[in-house]
Amino acid sequence: MNLLQENSNFNIKPNKGEELNVQFTSRYPRIPSDYFTFLNSFSLLMNHSETTWFNSISDFNETNTESDFKWNEFEIMSVDAFEGDKEQQQIIKEFWNKHLPIILSVKDGYAFFAIGVAEENSDKVYFGIEPEFEEVELIANSFDEFIAKIVDHSLKPKLLKLFIE
């Protein structure tokens, strides 16, 4: 179910049956069920100004030819920033193995929302922003709570403005 389908702040196209590939699910075997159901409901979900978007199955499968950003763009940027420092790169990779970026934004600098996919943070939603992407703030204790905050506009104003023009 996708509560954002009736929300006029988003451009939405339904999923036409694409499924996550084995490479992706091998890295992220613990995707929370509420998010997984939501993910399967769309192929495109973004604000009208096209500056904030939900990563789709085609983004995760790396089959989306319409986006200049990879789904893990901020992880790549962080790893590249520590070129030659294998220890710091490993710390960054471990962070992203526990935090799946579900929304990317370029509206007010580089920012993202991620969902916890490790045992200790499963289904929690976090917000991060450049330059220290791995320093995140807990936004909601579940994905459903996060979506409800978008729908009823109870998300912090600085975060809500990423979705609304």
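**Helix H4 and its surroundings**

In this predicted model, the buried residues of helix H4 pack against two helices, H1 (22-27) and H5 (86-98), and against two strands, E4 (99-105) and E5 (111-116). Helix H4 itself covers residues 73-81, and its buried set is made up of Glu73, Phe74, Glu75, Ser78 and Val79. Two of these residues, Phe74 and Glu75, are worth following outwards, one through its ring and the other through its charge.

Phe74 first. The model has 26 aromatic pairs. In one of them, the ring centres of Phe74 and Tyr110 are 5.5 Å apart and the planes make an angle of 35 degrees, so this counts as a tilted pair. Since Phe74 belongs to helix H4 and Tyr110 to the loop between E4 and E5, the pair ties together parts that are 36 residues apart in sequence. The two partners differ in exposure: Phe74 is buried, at a relative accessible area of just 2%, whereas Tyr110 is partly exposed, with 28%. Phe74 also pairs with Phe112, and here the centres are 6.2 Å apart with the planes at 45 degrees, so this pair is tilted too. With Phe74 in helix H4 and Phe112 in strand E5, the pair ties together parts that are 38 residues apart in sequence. This time both partners, Phe74 and Phe112, are buried.

Elsewhere, aromatic residues come together in a cluster. Phe10, Tyr35, Phe38, Phe42, Phe54, Phe113, Phe127, Phe143, Phe146 and Phe163 make up one such group.

Now to the charges. Seven salt bridges are counted in the model. Helix H4 takes part through Glu75, whose side chain meets that of Arg27 in a salt bridge with an N to O distance of 2.9 Å. This pair links distant parts of the chain, as Glu75 sits in helix H4 and Arg27 in helix H1, 48 residues apart. Glu75 counts as buried, with 8% relative accessibility, while Arg27 is partly exposed at a relative accessible area of 27%.

Another salt bridge joins the side chains of Glu137 and Lys156, with 2.2 Å from N to O. Because Glu137 lies in strand E7 (residues 137-140) and Lys156 in the loop between helix H6 (143-151) and helix H7 (157-160), the pair ties together parts that are 19 residues apart in sequence. Glu137 is partly exposed at 24% relative accessibility, and Lys156 is partly exposed as well, at 43%. The pair does not stand alone, as Glu137, Lys156 and Lys158 are linked in a network of salt bridges.

A more local case is found in helix H6. Lys149 forms a salt bridge with Glu145, and the closest N and O atoms are 3.4 Å apart. The two residues are four apart in helix H6, so about one helical turn separates Lys149 from Glu145. In general, an α-helix has 3.6 residues a turn, so residues three or four places apart point the same way. Both ends of this bridge are partly exposed: Lys149 has a relative accessibility of 21% and Glu145 a relative accessible area of 29%.

Just ahead of helix H4, Lys70 is placed in the loop between helix H3 (57-60) and H4. Lys70 is partly exposed, with 38% relative accessibility. Leaving out residues up to four places away in sequence, Lys70 touches Glu62, Ile76 and Leu104. With Glu62, the side chain of Lys70 makes a polar contact of 3.5 Å. Lys70 also lies 9.0 Å from Asn55, C-alpha to C-alpha, with their positions 15 residues apart in sequence.

Asp34 offers a contrast to the paired charges. This residue lies in helix H2 (residues 33-39). Asp34 is buried but has no salt bridge, and Lys124, the nearest side chain of opposite charge, is 11 Å away. What does Asp34 contact, apart from its neighbours within four places in sequence? The partners are Asp123, Phe143 and Asp144. With Asp144, the spacing is between a polar atom of the Asp34 side chain and the backbone nitrogen of Asp144, which lie 3.5 Å apart. Phe143, another of these partners, is also a member of the aromatic cluster described above.

Conventions: Residues are numbered from 1 along each chain as its sequence is written. This is a predicted model: local features need pLDDT of at least 70, side-chain atom pairs count only at pLDDT 80 or more; totals for chains, interfaces and linings use all residues. Side-chain values use heavy atoms; hydrogens and water are left out. Buried means under 20% relative accessible area, exposed over 50%, partly exposed in between (1.4 Å probe, protein chains only). Lys and Arg count as positive and Asp and Glu as negative; His and the chain ends are not counted. A salt bridge is a side-chain nitrogen of Lys or Arg within 4 Å of a carboxyl oxygen of Asp or Glu. A polar contact is a pair of N or O atoms within 3.5 Å; within protein, one must be able to donate a hydrogen and the other to accept it, and residues adjacent in sequence count only if both atoms are side-chain atoms. Contact means heavy atoms within 4.5 Å. Rings of Phe, Tyr and Trp (its six-membered ring) pair if their centres lie within 6.5 Å; planes under 30 degrees apart count as stacked, over 60 as edge-to-face and the rest as tilted.
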